[in-house]
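Here are a few notes to help you find your way around this one. Have a look at the model first, then read on.

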Amino acid sequence: MTYNPNFDLDLQFGLIYERKLERLLREKSKIEIKTERDTWAKTGNIAIEVNFKGKPSGLAATKADWWFHILTINGEMETMVCFPVKKLKDIIRELLKKGLVKRVKGGDNNDSELLLVPIDKLISKDFFNNNGVVHNIKG
């Protein structure tokens, strides 16, 4: 459905996605929720775990359909981003190819491999074409 300034049509469009989100949260999908503390606000990055003690973990091992990443400051939820897991993996794979994601060790005893993902790149319009396919990510 394309944008239409008619209130009734715009309302109808909004209600479709309210119902889809409600269904996603209630019954249809498995979700993974991660919470990011204050550092993201200073660095502009979120940390996504992909390995723990040499074994796939986090995004690399999830069985979830959707990935929610909650961003907090001083213990208060400021916002969140969410992606279908497949799309998030595709985006991160492209960002890695472009050298825009940094791999670091972290967590207790540096046992985790984390990907530091720039939030502005993660949600950039440059990731999607009209078919929702990841493409042509700019540096």
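1. Let's begin with helix α3, residues 85-97. This helix gives the second largest pocket the largest share of its lining, 4 residues. Keep in mind throughout that we are looking at a predicted model.

2. To see that pocket in full, pick out Val50, Leu59, Ala60, Lys89, Ile92, Arg93, Leu96, Arg103 and Leu115, which line it. By class, that lining has 6 nonpolar and 3 charged residues, with no polar ones. The space inside the second largest pocket comes to about 170 Å³.

3. Now for the largest pocket, which holds about 290 Å³ of space. Several elements build its lining: β1 (31-36), α2 (39-43), β2 (45-52) and β4 (66-73) supply at least two residues each.

4. Which residues should you click on to find the lining of the largest pocket? They are Lys34, Thr35, Glu36, Arg37, Thr39, Trp40, Ala47, Ile48, Glu49, Trp67, His69 and Leu114. Sorted by class, they give 5 nonpolar, 3 polar and 4 charged residues.

5. A word on confidence. The protein chain has a mean pLDDT of 85, and 83% of its residues reach 70 or more. Over residues 135-139, though, pLDDT stays under 50. The model does have 16 contacts beyond four places in sequence for residues 135-139. Still, predicted coordinates should not be read in detail where pLDDT is low.

Note on methods:
Residues are numbered from 1 along each chain as its sequence is written. This is a predicted model: local features need pLDDT of at least 70, side-chain atom pairs count only at pLDDT 80 or more; totals for chains, interfaces and linings use all residues. Side-chain values use heavy atoms; hydrogens and water are left out. On a 1 Å grid over the protein atoms alone, a cavity is a set of points where a 1.4 Å probe fits but cannot get out, and a pocket is an open set with protein on both sides within 12 Å along at least five of seven lines; lining residues have an atom within 4 Å of a point. Grid points are joined across faces, edges and corners, and a volume is the space filled by probe spheres set on the points. Ala, Val, Leu, Ile, Met, Phe, Trp, Tyr, Cys and Pro count as nonpolar, Asp, Glu, Lys and Arg as charged, and the others, Gly among them, as polar. pLDDT is the predictor's confidence in each residue, from 0 to 100. Contact means heavy atoms within 4.5 Å.
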